[in-house]
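I opened a new notebook page for this chain. These are my entries, in the order in which I looked things up.

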Amino acid sequence: MKTRRLPRVLSVHALPVFGRCSISVVAPVLSARGVQCCSLPTALLSTPTNYAGATILSLSSEAPAVLSHLRSLEMGFDAIYSGFLADGAQADFIEEIYAAYPDALRVVDPVLGDRGRLYRTMDGTMAAAVRRLSQKAHIITPNVTEAAVLLELPPDKTPYTEEDAKKWLNELSRKGASSVVITGLSFDRRSEIFVGWARQGASGLFRHAKTGGDYPGAGDLFTSFMLAELLHGAPLSAAAKDASGFVASCAAFTAGRGTDVKEGLLFEDILRNKPNR
C-alpha cells in the first residue's frame, strides 16, 4: 500500500525556553491539526522579548548546515513558514530555502512590532529585510503595526475604518503576496477585534469580542492554525475565520484564569478539546 504522508511544514521561528510564542506555539498547534512540523530555530530565547532581560542567541551560523543536510535527504515540504528573525541575514537565508523548495507554499508572519511600536530587537534595517521577504511570500499575516511598517508608514499608523483596512489589504497584496491577512484591527471599538483578509481581488472582515489583554504569541497561534486549515484544503476566508475563532476562545479562557498576560494565551486546553480532523 502506498504511504500517504501528512502535510509537512518547515517552521523557521525562534525557540523560547519559557513562554507561549514562536516554536513553543507553532509546533503543537500544527501537530494537533494534522500537520508535521519540522522546526528550524532562528534563535534561542530565554523568554519572549516582552520580559526584561530576555536573552537571545542567534542560530544563523548553524542554519546553512541544517539546510544542506535536509536537501541531501531529498525530503519535500508543503510550506515554508517563517516568523521571528534574529538578524537581517536570516531573511536572505529564507530566500535560499525558497530556492531549495520552489513548490512549497511561502508563509511569512512578519514579526516586527505591536501596539504602534517596533519590538526592541527590531530597527529600520530589520524592517527593510522583513519587507523584502514579505514581498516574496505567498501569504503574509501582519498585525496592524506590522502592516503599517510593510507599507512604509509610521508604526503607529492605523486604518480607522473598514474601508481603510480593505485598502491596506489590497495595497499589501499588490506589493507581492497574493494572500494577505491583517490581525488586531479595532477601528476604535474597544470591545471588538477584527481580522481582515484579501486574496485575488476578494476581501472580507471577521469580528469577535475582545477579552483579556494584548497577549504575546497570539499571531503565532493564529497563523499556525490557519496554515493547518489551508494545507487540509480550506479556502483562505474559512481558514482565517476558524483561526480567528480559535484565538478568541483561547483569549476568553486565559482571561478567565487570570494568568499574567506576559505568559501568552493558554491554548493547550482549547486545543486538546477541539475536535480532531
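The entries below go from the whole chain to its sheets, and then to single residues.

**Entry 1: the whole chain**

I noted before anything else that this is a predicted model. I counted the elements and found 9 helices and 13 strands in the chain. I then looked up the overall size. Along the principal axes, the C-alpha atoms fill a box of roughly 50 × 45 × 40 Å. The radius of gyration is 17 Å, and a compact globule of 277 residues would have one near 19 Å, so the chain agrees with a compact globule.

I checked how much of the chain is covered. Of its 277 residues, 48% count as buried. The accessible surface is about 12,700 Å², and carbon and sulfur atoms account for 50% of that surface. I also looked at contacts between residues at least 6 apart in sequence, and 66% of these join residues at least 24 apart. For charge, I found 30 positive and 28 negative ones, with mean positions 4 Å apart.

**Entry 2: the sheet of 8 strands**

In what order do the 8 strands of the open sheet lie? I read the order as β3-β1-β6-β7-β10-β11-β12-β13, with mixed pairing. The edges are β3 and β13 (202-209), and each of these pairs on one side only.

I followed part of this sheet strand by strand. Strand β7 (residues 105-108) runs parallel to β10 and is joined to β10 by 2 bridges. Across that pair, V107 stands opposite I139. Strand β10 (residues 139-140) also pairs with β11, again in the parallel sense and over 2 bridges. There I140 stands opposite V180.

The pairing of β11 with strand β12 (residues 192-199) is antiparallel, over 5 bridges. V181 stands opposite W197 in β12. These two strands form a hairpin with 6 residues between them. In its turn I found F187, which has a positive phi of about 55 degrees.

I asked whether strand β11 (residues 179-185) is largely enclosed or not. Of its 7 residues, 6 are buried, so β11 is largely enclosed by the rest of the structure.

**Entry 3: the sheet of 3 strands**

I found another open sheet, made of 3 strands in the order β2-β4-β5, and its pairing is mixed. Its edge strands are β2 and β5 (56-58), each pairing on one side only. Strand β4 (residues 43-45) pairs with β5 in the antiparallel sense over 3 bridges. L45 stands opposite I56 in that pairing.

The loop between β4 and β5 holds T47. I looked up its exposure: T47 has a relative accessible area of 14%, under the 20% cut-off, so T47 counts as buried. Leaving out residues up to four places away in sequence, T47 touches F18 and A54.

**Entry 4: helix α1 and the loop before it**

Which residues of α1 are buried? I listed I23, V25, V26, A27, V29 and L30. Among the elements that cover them are β1 (8-12), β3 (36-39), α7 (218-231) and α9 (268-273). After α1 comes G34, with a positive phi near 85 degrees.

I then stepped back to C21, in the loop between β2 (15-16) and α1 (23-32). C21 has a relative accessible area of 8%; buried means under 20%, so C21 is buried. Its contacts, not counting residues up to four places away in sequence, are P16, P48, G217 and D220. I also took one distance, C-alpha to C-alpha: C21 and M226 are 16 Å apart in space and 205 residues apart in sequence.

**Entry 5: E162**

Where does E162 lie? I found E162 in helix α6 (residues 162-174). Its relative accessibility is 28%, which lies between the cut-offs of 20% and 50%, so E162 counts as partly exposed.

Beyond residues up to four places away in sequence, E162 touches F187, R189, F194, L205 and R207. F187 is the residue I had noted in the turn of the hairpin of β11 and β12. As a last item I looked up E162 and A14, which are 148 residues apart in sequence and 33 Å apart in space, C-alpha to C-alpha.

How values were computed:
Residues numbered from 1 in each chain as written. Predicted model: local features only at pLDDT ≥ 70, side-chain atom pairs only at ≥ 80, totals over all residues. Heavy atoms only, no water. Helix = DSSP H or I, 4+ residues; strand = E, 2+ residues; numbered from the N terminus. Buried < 20%, exposed > 50% of the residue type's maximum accessible area, 1.4 Å probe, protein only. Contact = heavy atoms within 4.5 Å. Pairing = 2+ DSSP bridges. Rg over C-alpha atoms; globule rule 2.2 N^0.38 Å. Areas by Shrake-Rupley, 256 points an atom, 1.4 Å probe, with all protein chains shown as cover. Lys, Arg positive; Asp, Glu negative; His and termini not counted. Charge placed at Lys NZ, Arg CZ, Asp CG, Glu CD.
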